Amino acid sequence: MKKITVAIFSTVLLAVIFQFGHHQGTTGQSIMSAQAAESDSGDTIQSPTKPYPKHNVYYPGTEELKPDEMRVIALGSGMPMPRLKQAAACFLIELGNGDKFIFDMGNGSFERIHALGISLDYLDKVFITHPHMDHMADLATFYMTGPQNNRSVPLRVWGPGGGGMREEWSFKTAMDHMEKTWAWMNGTLAGTIDTTAFKLEVTEYDWSKVNNVIYEENGVVIRSLPAIHFEGTASFTLEWNGLKMAFSGDTLPNKWWIEHTQGIDLSIHECFFTPEMAIEKWGFSSQEALNAVTTVHSNPSYFGKVMAMTKPKHAVAYHFQNDFDTLPIIMDAVQQVYDGPVDYARDFMVWNVTKEGVRTRMAVVNPEAYPPVPLKEKHMEEGGDRYQTPDSVLAGWPEEMQEVAEKIFTDFNKENETEYKFQLKK
Ligand SMILES: [Zn+2]
Ligand SMILES: [Zn+2]
């Protein structure tokens with residue numbers, strides 16, 4: 001009996017809703033006709049043929065960034081342990097003046113950066129907090145695959161050095177060795193593709209200085225703060241157009257962060273597991289777990305306390321595996337000491353920051369991305385530096401393949417009215 005009553009009530013309710021929509025939305029015409037439904041303000045909100053304009057997600061490449069707006073995207077919210085769901089540390093900051101900055105580039109983050117469909121020519125400024133793999137590993141891939149991914153400008157990178165840090169640990173040494181590690185790749189590509197992308201401009205900042213300006217261009221100021229995470233580790237603040245965001249890298253709570261991130265618009269700080277979670281999920285021993293989350297990293301209670309002491313307009317916790325069973329434990333620990341607005345980052349979480357406030361959404365990205373088309377015409381390097389495969393290796397080229405290759409050229413030239421010639425040797 002009860003079920004039948006509910007069914008009848010539901011039918012009546014649906015009919016009422018239908019009628020309401022019918023009259024309000026289509027001004028008396030059939031709802032089946034191809035008429036757009038309009039809101040009270042006259043905006044088209046639904047149509048069988050036009051795009052539906054109200055989405056609660058962010059589709060990269062479809063929204064103009066307003067001149068006074070900052071957009072931050074988590075492209076790595078996770079850990080050194082690889083997982084499909086979360087790359088290691090990486091955040092993109094986009095500004096309404098057209099500038100874009102990448103803070104950290106941990107393992108797995110490049111494919112997420114690439115999925116946004118942004119030309120690498122716009123992603124030419126990368127800031128590294130410290131040389132742990134989960135904050136820097138993908139820099140090598142990002143740099144070395146620049147030519148294939150249509151970067152046509154030099155890559156500018158900033159990383160820690162000085163301040164008593166050992167020379168062999170410094171960022172300049174690391175970048176020098178990175179180029180040496182990939183010397184074969186660099187050398188064999190010479191003369192066959194545009195290698196402008198291999199130009200690397202390295203700037204070392206003194207990580208030990210407090211509130212130290214490490215970048216100041218086009219109205220944007222980036223400062224570094226020392227972090228407590230071994231040595232040679234920093235956090236960053238970015239100020240532009242009256243907005244201020246901060247990004248912690250790895251650190252214990254520290255007085256420099258607390259002093260210089262008071263009341264800022266967006267405060268992104270590491271938030272590790274609790275000791276119990278580190279034992280259960282990572283297989284750490286008790287001592288390892290306690291050490292890691294209390295003497296090297298900020299556990300959720302530390303994170304909450306830092307936010308309670310700094311009261312940002314909006315807080316972001318990152319650097320943990322964010323799953324259905326871990327999130328409630330992290331949230332509970334944070335909420336015991338902090339009750340302000342906080343997002344628990346997942347990859348592709350997006351924050352639109354303006355003076356009016358922060359809007360959080362998830363981005364829906366393209367898993368089948370290709371490199372955006374080059375912004376400049378590509379030029380192969382001319383001259384004597386072109387690499388040539390040795391004759392002894394080319395001796396393995398089967399004679400039968402010659403006519404196959406030549407046919408490809410004949411067909412191409414016919415189709416394109418060109419006169420290219422097949423040649424294995426220069
Ligand atoms: Zn670290
Ligand atoms: Zn880390």
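A crossing of two helices is called left-handed if the near helix is turned anticlockwise from the far one by less than a right angle, and right-handed if it is turned clockwise. In this predicted model, the crossing of helix 7 and helix 8 is right-handed. The residues that make this contact are P275, A278 and I279 on the side of helix 7, and S286, A289, L290, A292 and V293 on the side of helix 8. The axes of helix 7 (residues 275-282) and helix 8 (residues 286-296) come within 8 Å and cross at roughly 125°, and that angle makes helix 7 oblique to helix 8.

The protein chain as a whole contains twelve helices and 18 strands, and buried residues account for 34% of its 426 residues. Of the contacts between residues at least 6 apart in sequence, 62% join residues at least 24 apart. The mean pLDDT of the chain is 90, with 89% of the residues reaching 70 or more. Over residues 1-33, however, pLDDT stays under 50, and for this stretch the model has nine contacts beyond four places in sequence.

Strand 12 (residues 234-240) is paired with strand 11 and with strand 13, as the table sets out.

| Strand pair | Sense | Bridges | Bridge partners |
|---|---|---|---|
| Strand 11 (residues 220-226) and strand 12 | antiparallel | seven | R223 and T237 |
| Strand 12 and strand 13 (residues 243-247) | antiparallel | five | T237 and A246 |

T237 therefore appears in both rows, as the bridge partner of R223 and with A246 as its own bridge partner in strand 13. Five of the seven residues of strand 12 are buried, so this strand is largely enclosed by the rest of the structure. Strand 12 and strand 13 form a hairpin with two residues between the strands, and there N241 takes a positive phi near 55°.

Further along the chain, helix 9 (residues 300-310) has P300, Y302, F303, G304, V306, M307 and T310 as buried residues. An α-helix has 3.6 residues a turn, so residues three or four places apart point the same way. Among the buried residues of helix 9 are F303 and M307. The elements against which the buried residues of helix 9 pack are helix 6 (255-260), strand 14 (266-270), strand 15 (315-318), helix 10 (327-335) and strand 16 (342-344). Directly after helix 9 comes K311, whose phi is also positive, near 45°.

Notes. Residues numbered from 1 in each chain as written. Chains lettered and ligands numbered in written order. Predicted model: local features only at pLDDT ≥ 70, side-chain atom pairs only at ≥ 80, totals over all residues. Buried ≥ 20, exposed ≤ 12 C-beta atoms within 10 Å, placed from the backbone. Helix = DSSP H or I, 4+ residues; strand = E, 2+ residues; numbered from the N terminus. Pairing = 2+ DSSP bridges. Contact = placed C-beta atoms within 7 Å. pLDDT = per-residue confidence, 0-100. Axes fitted to C-alpha atoms, helices over the stretch in contact; angles between N-to-C directions. Parallel < 35°, antiparallel > 145°, perpendicular 65-115°, else oblique.
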